[in-house]
Amino acid sequence: MRPAVRSGLALLMMLAASSLCAGHPLAQAQERLEAAEAALRTGRYDEAIDIFSDLAQREPASARAARGRSRAYWAVGRYADAERAAQRYIAANAGSSELWNTLGEVLYRRGKRDEAAEAFERALAGRAGDALIARLNLAILRYDRGERAEALREFDGFIDVYNRGRRLSSEELTAVGTAVAYLGAEEWQLYRDALRAYDEAIAADPGNLEPRVRVGELFLDKYNSPDAAQSFRDVLAVNPNHARALLGMARRMRFDGEPGAFDMARRALEVNPDLVSARVFLAELLLELEEHDRAAEEAERALEVNSASLEALSVLAAIRYLQGDAGGFEAARRRVLELNPQYAELYTRLAELSARNRLYFEAAEFARQAVELDHTSWRGYALLGINQLRTGRIAEGTRNLEIGFEGDPFDIWTKNTLDLLDTFTEYDEVRGERFVIAVDGKESELLSLYFADLAEEAYDRLSELYGFRASTPIRIEVYRSHADFSVRTVGLVGMAALGVSFGPVIAMDSPSAREIGGFNWGSTLWHELAHTFHMGITDHRVPRWFSEGLAVYEERRARPGWGDDVSPGYLTAYLQDRLLPVAELNNGFMRPAYPEQLIFSYYEASLVCEFIEQQAGPRALVDMLLAYKNGMSTPEVFRTVLNTDVDDFGGQFFEYMDERFAVPLSAMRPDREMPHGRAPTREEIAEWAESDPGDFTAQLAYGHILFEDERHEEAAVYLERAKALFPEYAGAGSPYWYLALIYKERGLPRRAADELTTLTSIDERDYQANLELAEVLEALGDRAGAAAALERAIYIYPYDIAFHARLAELYSQTGEHDRAIRERQAVLSLAPVDRANALFELARAYYEADDMTLARRTVLRALEIAPGFEEAQGLLLEIRARNSGGTG
Amino acid sequence: MRTLVALAVAVSLVAAPAAAQQSHLVVVSGLSGEARYADAFHEWAVTLISAAQERWGVPESNIAFLAERTERDPERIDARSTRENIETTLETLAVRAGAEDHVFIVLIGHGSTSDGESKFNLPGPDMTATDFARLLDAFPTQTICFVNAASASGEFVPALSGGRRAIITATKTRLERNETVFAAFFVEAYAGDGADVDKDQRVSVLEAFSYASREVARAYEDDGKLLTEHALLDDDGDGEGTEEPDPQSTSDGRLAMTLFLAGPGEPVLAAETSSDPRLAALYGEKRDLEQQIAELRRQKDVLDPEAYDQRLEELLVELALVTREIREIEEAQQ
């Protein structure tokens, strides 16, 4: 017998050896399998499908081929084919459990949860090679059904798997990482362990892209966008068609506020049109653009693929809610909770999307429901806290943020907000009947002199205009640090950089947060208060473009020169068709196509509002707000209130712009060929100016050159030309400024004053121009005009002691004693070294205002510091004489 | 050349009458490095000198101005600010100054450190704190106000500290090496309004220092910059400067509050006297009231606020009436 066995063994060995030789059918099959897997891994899906399909036909018992084929179909969204491929293998290999897990995964993604559960259990029972993955998938399914406790127990078991020390494959390590990541909600330190498991999975098989994708997703969930970006890039470097990695990049771009998220998500869908997460993401982006109908289409598409997708149902619920479709909202909400009674993410998603649509009260309420449903919904606590802060509930909001941060210390936004709240102890709250103004203690005494009055004036004016009184008190937070202000606007898209209104709470930069001339705090405050009114009138249902346009328009109505101005850049963009049609103006705020488009959109929207009022009367703007409140879309509002189609209106608006800016438009030269890679020379500019007297830019530039060369008389010619070509231009290098200097030099102060008056009536930020105008007017004997110029400058930069002293003196001379007192108080608030003198001057102002009580009290304080201060002594004696009815 | 230069400097410092206590001012503008610094240093120096002369009555003959380039302003600049010329100037002044005179030395420029020593940068060899200390030893009886407004100047305090000396530096250590703006505001204290906090129509060294310190801090805050210079004043001879000297609560400031840039015959110390018995009595009454007010202020925290204000007002009214009477008599006598 022995020789036969020996020869049988030898034969077997010969056969095995020969199968490894190239050309042998087995070897060929192996090669083709590896080629197919390589094609799948690198995103050549069609090629992978072809090879796997061929192999599956030739080798119906090959689980690898069948699995590969199923996954290749799945990668491009052919889920039905993926399911069939797995089913075919199972049917042909009844004794094998190898494809049950793969089948389960496909079924699960198609919403067939019960069948998926059964498939996973079959894989487990049959001890398939990927049984551990099946175990994970089953636990995830249970988690998504709301069987949370059981699922967490299962996830916990994966720690034992890892700790047992058995050598795990890359796929198994990925499964461990995923399981541990789920446990992170209960213990945040476990996220680090999850990361470690993923890293080991990558090391075990660098060609396995799945753990890299999961690492990216984990980093993004934990607010680490740079590392997330790197992970996704690593994947896309190998497989540029990896749909989930493309989606991950899109999400990362949105997280960082970068443009292009939409297009990146679209790329993911080009690869896999049935990627549910990508459809959901697009729906969310469209919601931010306030395109509810298109958002709903995306959500519905997702549900066609997977009718049990919790995230798709959640976003659909949000869409219906924002559309005002209570029935649709309730239906979606109920369906989610039927599928998973513990799905707090429904409410966190509702909260987030509500907040992005400026429904802050609603966002807080949804977030509260999230934490009620799931006490480990740290995102829920964070959203609850943030939105409570936005609606003025500071103490509650702080508490909830602290809870959220304790559960998830990776949340950088929550951390930054808590750090900001810590600084509130340094803030003074100036409380009035209608406003609470929170200002840093270092400048509260100064700013409270001006903020309260302006806020009250704005409130009265806006109430009158809109026939509506916004709820009070309104909280105004004024930040010395722009970084602190930025924390308040975190997560909000398309917000201006200077101030934000949440309705009952306004946050804005202090004038000290910016360089002089960086912004006008007065117009900013007015703008934000206008938003408070608009949101109040519409229950926060006003589209961004209209609210911003109206707010800028309100600035313009408040003070001459306030509000955005037309610029050469704006007119050039118009000539180049880069301004948005009225119907699409919202995009200019939510996803500007180029950096300047945001600023241009503010101005354009304000002109639209101006035009509407011109055409339809002031009531039309209010009626539009009320129509938005009733849930109408922009086309419906235009039809109903303005009796016009929005596109037709857009055409009329552009005709209006053509007419209004006819002269400056004709003076723009958008097609001028500029020298490549360098600034034009003086000679070139001179030549342009000489050859084309109608070119605004050339006239202005040459005027500057001549001015710098101290050839002022010649400069004036070109500057006057530039002014005539574009009289509304008061920006950097404005001809008005230079002409004022020239006329002043010529001994023509009245003409200088005229130039500066025009300049400051257009540009709200030119501090120096207002100071210069004050000086010129005072020299001309116009003290009231000088005081008015300095009064304007307060809204730009209020921190100069000498400035306030000068204004006080002017008000004293013009008999405006209340304002003189205010200015003397401003001097004192700036802590001058010579406090005694500052007190004396204030006492004098009180005296002139006939307030002997305060005059006396204040002069005593001055003399307390400097008893020998003879002027103050004299004032004291005068006060006593007045009080006693004598003459001292 | 050394002899000629010394002679030129000596000629400009004409001997003053021996009897009246006088102020002497030596302004040294050092190595600038760049045009913008040269312009700034010159402007500050000239502003200080003009204020000293025109506002505070310091005679031209009591003022010496040494600068980097004499050709910039030959009318005002006495000599180049070399080590040699500075030594000669101070040595000559030490001989010339009266025993009770006040000597103000103001350095405007850049400072640096090497081998752990603070230096003031000059055209040619720099001078260290030790060098200046040696020169100040030649003023055993005079009262000195030494101001180093340069960067990295803090170590001048321990080196120069002593009796009858108020030492001011723009920085607290040699490690504060960034350019300073202290000089601009120190000069402004004498040239402008705003530093005479006690309203005695004079600016003491303490008032000038306090003014400059606060305005430096304000300037940095307005520009949104971190404060990189912290000025010090030391006048109690302990070699340790104070950032916020206050005669009421710190050991520094008492000498500085009695030092003024003043012309000959001007009351350098606060002392009102008269041979007219009415005036003498009124001056006495005024001093007495001022002391009562000072005493009342010291008790402010323990008194009832209303009672405090009432008593304060009574005293202030009396003081005002006495002061008015004094002025009327003084005017009548002129």
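Q: Let's start with one side chain: is A:Tyr570 buried or exposed?
A: Happy to start there. This is a predicted model, and in it A:Tyr570 has a relative accessible area of 1%. Buried means under 20%, so A:Tyr570 counts as buried.

Q: How many aromatic pairs does a search of the whole structure find?
A: There are 54 aromatic pairs over all chains.

Q: What describes a pair of aromatic rings?
A: Two values do the job: the distance of the centres and the angle of the planes. Take A:Tyr570 and A:Tyr603: their ring centres are 4.9 Å apart and their planes stand at 90 degrees, so this is an edge-to-face pair. A:Tyr570 belongs to helix H29 (residues 568-575) of chain A and A:Tyr603 to helix H31 (residues 597-616) of chain A, so the pair ties together parts that are 33 residues apart in sequence. A:Tyr603 is buried too, with a relative accessible area of 4%.

Q: Could you show me another pair? How are the rings of A:Tyr702 and A:Tyr718 placed?
A: Gladly. Their centres lie 4.8 Å apart and the planes are at 85 degrees, so A:Tyr702 and A:Tyr718 are also edge-to-face. The pair links distant parts of the chain, with A:Tyr702 in helix H37 (residues 696-708) of chain A and A:Tyr718 in helix H38 (residues 712-725) of chain A, 16 residues apart. A:Tyr702 counts as buried at 13% relative accessibility, and A:Tyr718 is buried at 9%.

Q: Which residues form one aromatic cluster?
A: Look for A:Trp545, A:Phe546, A:Tyr574, A:Phe611, A:Tyr628, A:Phe638, A:Phe649, A:Phe653, A:Phe654 and A:Tyr656.

Q: Now for helices. What describes two packed helices?
A: The angle between their axes and the distance between the axes. Helix H3 (residues 45-58) and helix H4 (residues 63-75), both of chain A, pack at about 150 degrees with axes 8 Å apart. That angle makes H3(A) roughly antiparallel to H4(A). Their crossing is left-handed. On the H3(A) side, the contact includes A:Tyr45, A:Ile49 and A:Phe52, and on the H4(A) side it includes A:Arg64, A:Gly68 and A:Tyr73. By class, this contact has 10 nonpolar, 2 polar and 2 charged residues.

Q: At what angle do H16(A) and H20(A) cross?
A: Helix H16 (residues 276-288) and helix H20 (residues 345-356) of chain A cross at roughly 35 degrees, and their axes come within 9 Å. Here the crossing is right-handed. A:Val280, A:Glu284, A:Leu287 and A:Glu288 of H16(A) meet A:Arg349, A:Leu353 and A:Arg356 of H20(A). The class count for this contact is 3 nonpolar, no polar and 4 charged residues.

Q: Which residues does A:Ala318 touch?
A: Leaving out residues up to four places away in sequence, A:Ala318 touches A:Leu287, A:Leu350 and A:Leu353. Two of these names are familiar: A:Leu287 in H16(A) and A:Leu353 in H20(A) take part in the contact we just met. A:Ala318 sits in helix H18 (residues 310-323) of chain A and is buried, with a relative accessible area of 2%. Its C-alpha atom is 37 Å from that of A:Arg67, a residue 251 positions apart in sequence.

Q: And a loop residue: is A:Ala679 buried or exposed?
A: A:Ala679 is exposed, with a relative accessible area of 58%. This residue lies in the loop between helix H35 (662-666) and helix H36 (682-691) of chain A. Its C-alpha atom and that of A:Thr853 are separated by 65 Å, with these positions 174 residues apart along the chain.

Methods
Residues are numbered from 1 along each chain as its sequence is written. Chains are lettered from A and ligands numbered from 1 in the order in which they are written. This is a predicted model: local features need pLDDT of at least 70, side-chain atom pairs count only at pLDDT 80 or more; totals for chains, interfaces and linings use all residues. Side-chain values use heavy atoms; hydrogens and water are left out. Axes are lines fitted to C-alpha atoms, for helices over the stretch in contact, and angles run from 0 to 180 degrees between N-to-C directions. Helices (H or I, at least four residues) and strands (E, at least two) are DSSP runs, numbered from the N terminus. Angles under 35 degrees count as roughly parallel, over 145 as roughly antiparallel, 65 to 115 as roughly perpendicular and the rest as oblique. A crossing is left-handed if the near helix is turned anticlockwise from the far one by less than a right angle, and right-handed if clockwise. Contact means heavy atoms within 4.5 Å. Ala, Val, Leu, Ile, Met, Phe, Trp, Tyr, Cys and Pro count as nonpolar, Asp, Glu, Lys and Arg as charged, and the others, Gly among them, as polar. Rings of Phe, Tyr and Trp (its six-membered ring) pair if their centres lie within 6.5 Å; planes under 30 degrees apart count as stacked, over 60 as edge-to-face and the rest as tilted. Buried means under 20% relative accessible area, exposed over 50%, partly exposed in between (1.4 Å probe, protein chains only).
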